[in-house]
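These are my notebook entries on one structure, set down in the order in which I looked things up. I wished to record where the chain packs together and which residues do the packing.

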Amino acid sequence: MALVLALVAAYGVFLIYTAVVLHWGGLGLSPRDDRRPSRRHHSAEWLAQAGLEGVETREFAAVMAVLFLIGAALSFALFAGALPALVGGVFAATFPVASYRSRRDRRRSEAHEAWPRLIEELRLQTGSLGRSIPQGLFEVGRRAPAELCPAFAAAEREWLLSTDFPRTVTVLKERLADATADATLETLLVAYEVGGSDLDRRLAALVDDRVQDVQGRKDAQARQAGVRFARRFVLIVPLGMTLAGLSIGTGREAYQTLGGQIAVAGGLSVVAACWLWAGRLMKLPDEQRVFHG
């Protein structure tokens, strides 16, 4: 006990000294980095990538809580045990996350396929047609896929209100939350603020790079088609076996015993773990955003 009190006292003296003399914040052994994005920032970015930028994180959590209760109630009605109900509720609560990930992946795939065409149109707008960079950007945004149009519309409203192109670019990057959009918009921003005659060349190089990336991802997804189909059996087969066991002989009574409850909870946990593990193995690497604040 004396050693513990001495360590706590020494740590308190360290915190006071670093706060007063070195102006450090936080309770760690090093200064807190306020520039590091918070978890709230990451969750807002993920929701924006899924097209849910108007949804608060607590609302998303509330939906998960409701599904947890529904899943727990159904599992309890099916197996008449608290342990399977808990596991079933946790598994049901992950459905919004899975749906979000599916929607996010679909939106990002559509954006990846659309950006080479959008950048090529932007080259024509700012080159051959002589449009200014903001005007060309908004013209291209009106012909963007439906999932991207709200972001361009919000950026155009910001431009009409403020005529501040850096601020407009920030709004558009936050709404799109895409690595390709970040690189394209930063290229336009530099050309807008500094000027220069090599914008067309830079956009052409960006188009070539995006086309190669899109083709590579399509090839990888095509090779995974059979594996993705087989992954669905991770859920379908155990569920069918469970229903068959309940309807044969004394299957329901067997599930209500202590051993049956433990076996059901373990089986549900293994199914969920295999499902998540298979999804992680098949996940393609995401491009890292390097120009977002």
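**Entry 1: T163.** I looked up T163 and found it exposed, with a relative accessible area of 52%, in this predicted model. I located T163 in the loop between α7 and α8. I noted its phi as near 50°, a positive value in a residue other than glycine. I set beside this the general rule that most residues other than glycine have a negative phi.

**Entry 2: the chain as a whole.** I next asked how many helices and strands the chain has. I recorded 14 helices and 0 strands, and the pattern along the sequence accordingly reads α-α-α-α-α-α-α-α-α-α-α-α-α-α. Of the 293 residues in the chain, I noted that 34% are buried. I also looked up the contacts with a separation of 6 or more, and 64% of them join residues 24 or more positions apart.

**Entry 3: the largest nonpolar core.** I then asked which residues have the most contacts inside the largest nonpolar core. They are W115, L137, F152, L172 and L176, in a core of 29 residues. I listed the elements that give two or more residues to this core: α5 (95-126), α6 (133-142), α7 (149-162), α8 (165-176), α9 (179-194) and α10 (199-223). Helix α5 gives the most, with 6 residues. I kept in mind that nonpolar side chains tend to be buried together in soluble globular proteins.

**Entry 4: α6.** I asked why α6 can be called largely enclosed by the rest of the structure. I found that 7 of its 10 residues are buried, so the description holds. The buried residues are I133, P134, G136, L137, F138, V140 and G141. I looked up what covers them, and the cover includes α5, α7, α8, α9 and α10.

**Entry 5: L137 and L185.** I took L137 as the residue to follow, as it is among those with the most contacts inside the core. Leaving out residues up to four places away in sequence, I found that L137 touches L122, F152, F165, L172, L185 and L188. I followed the contact to L185, which lies in helix α9. I recorded L185 as buried because its relative accessibility is 1%, against a cut-off of under 20%. With the same exclusion of residues up to four places away, L185 touches L137, V169, L172 and K173. I noted that L185 and L137 are 48 residues apart along the chain, while their C-alpha atoms are separated by 9.1 Å.

**Entry 6: α6 against α9.** I turned to how the two helices are placed. In general, two packed helices are described by the angle between their axes and the distance between the axes. I found that the axes of α6 and α9 come within 10 Å and cross at roughly 155°. The two helices are therefore roughly antiparallel to each other, since angles over 145 degrees count as such. I listed the residues that make the contact: I133, P134 and L137 from α6, and L185, L188, A191 and Y192 from α9. I sorted these residues by type and obtained 7 nonpolar, no polar and no charged.

**Entry 7: aromatic pairs.** I searched the whole structure for aromatic pairs and found 3. W115 and F152 form a tilted pair, 6.5 Å centre to centre, with 45° between the planes. W115 lies in helix α5 and F152 in helix α7, so this pair ties together parts that are 37 residues apart in sequence. I recorded W115 as buried, with a relative accessible area of 4%, and F152 as buried, with a value of 3%.

F165 and Y192 form another tilted pair, 4.7 Å centre to centre, again with 45° between the planes. I noted that this pair links distant parts of the chain, with F165 in helix α8 and Y192 in helix α9, 27 residues apart. I then asked whether Y192 is buried, exposed or partly exposed. Y192 is partly exposed, with a relative accessible area of 37%, whereas F165 is buried at 1%. Finally, I recorded that W159, F165 and Y192 form one aromatic cluster.

Terms used
Residues are numbered from 1 along each chain as its sequence is written. This is a predicted model: local features need pLDDT of at least 70, side-chain atom pairs count only at pLDDT 80 or more; totals for chains, interfaces and linings use all residues. Side-chain values use heavy atoms; hydrogens and water are left out. A nonpolar core is a set of buried Ala, Val, Leu, Ile, Met, Phe, Trp, Tyr and Cys residues joined through side-chain atoms within 4.5 Å. Buried means under 20% relative accessible area, exposed over 50%, partly exposed in between (1.4 Å probe, protein chains only). Helices (H or I, at least four residues) and strands (E, at least two) are DSSP runs, numbered from the N terminus. Contact means heavy atoms within 4.5 Å. Axes are lines fitted to C-alpha atoms, for helices over the stretch in contact, and angles run from 0 to 180 degrees between N-to-C directions. Angles under 35 degrees count as roughly parallel, over 145 as roughly antiparallel, 65 to 115 as roughly perpendicular and the rest as oblique. Ala, Val, Leu, Ile, Met, Phe, Trp, Tyr, Cys and Pro count as nonpolar, Asp, Glu, Lys and Arg as charged, and the others, Gly among them, as polar. Rings of Phe, Tyr and Trp (its six-membered ring) pair if their centres lie within 6.5 Å; planes under 30 degrees apart count as stacked, over 60 as edge-to-face and the rest as tilted.
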